[in-house]
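Student: I'm new to this one and would like a close look at a single part of it. Could you walk me through it slowly?

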Amino acid sequence: MTHNPRSISVTGTGTAEAVPDLLTLSIGVECRRETVAEAYGDAGTRSAAITSALRQHGVEGPDISASGLNVRAEVNWQEGRGQTVSGYLASSMLTIRIRRLSASSQILAAAVAAGGDDVRLNGLSLGFADAAAVEARAREAAWQDARTTAAHYATLSGTGLGRVLSLTQHTGFQPPVPVAKLQRAVAAESLTVEAGESSVTATVGVVWELLD
């Protein structure tokens, strides 16, 4: 005969506050030229110039990643002629991680200056270089919240908490904080990044055995 112990199921939520120490920047390069060779060559040159400027400002190689260089024809419709090629667009994408937030404005300005009018700022976000440590603190807070709630209900019902029967972590930590969504590199020199403070939230579901 199987004995099913009485149990209590609770959900705990915990939050950990921390100052973001990592800025992730997405920079695009778009070159429209009359020939494939011109578009391809200029896009490569611009990307190399941006990378060089970043390294000169202390951004290490592992913190710079490129997603490749693509070229496509741009076409127009003309009456009597159908589709005609008006030029070629070469594009590439760089993802940069900036760990010195105090220098982020200068680094961004240098990247824009190196890329010129062909630069596109696709987005910036703040996060944590060691996200696991912040998430661990949030999990600990969630566990304590769940245990406090369960202990309270156990006391109200005249019982005590026994062993943990099951524990479920609900996934979905808060993503990095978006700073801006900019389509073009306009007045980047005046852009100031304020780290502020961000929070990470964790939620756990715990089932405890109830003791008589």
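Student: Leaving aside its neighbours within four places in sequence, which residues is Thr84 in contact with?

Tutor: Happy to take you there. Keep in mind that this is a predicted model. Start at strand β4, where you'll find Thr84. Once you skip the neighbours within four places in sequence, Thr84 is in contact with Glu74, Val75, Asn76 and Gln78. Is Thr84 buried or exposed? Its relative accessibility is 14%, and buried means under 20%, so Thr84 counts as buried.

Now let's see where that strand fits in. β4 spans 82-98, and it supplies at least two residues of the largest nonpolar core. So do β2 (22-33), α1 (36-56), α2 (104-115) and β5 (119-127). The largest share comes from α2, with six residues. That core has 28 residues, and the ones touching the most other members are Leu25, Ile27, Ile50, Leu54, Ile96 and Leu121. There's also a second, separate core of 17 residues, with Ala138, Ala146, Val204 and Leu210 among them.

For one more stop, go to helix α1 and pick out Ser47. Not counting residues up to four places away in sequence, Ser47 touches Val29, Ser92 and Leu94. Ser47 has a relative accessibility of 13%, which is why it counts as buried. To come back to your starting point, Thr84 sits in β4 and is buried at 14% relative accessibility.

Conventions: Residues are numbered from 1 along each chain as its sequence is written. This is a predicted model: local features need pLDDT of at least 70, side-chain atom pairs count only at pLDDT 80 or more; totals for chains, interfaces and linings use all residues. Side-chain values use heavy atoms; hydrogens and water are left out. A nonpolar core is a set of buried Ala, Val, Leu, Ile, Met, Phe, Trp, Tyr and Cys residues joined through side-chain atoms within 4.5 Å. Buried means under 20% relative accessible area, exposed over 50%, partly exposed in between (1.4 Å probe, protein chains only). Helices (H or I, at least four residues) and strands (E, at least two) are DSSP runs, numbered from the N terminus. Contact means heavy atoms within 4.5 Å.
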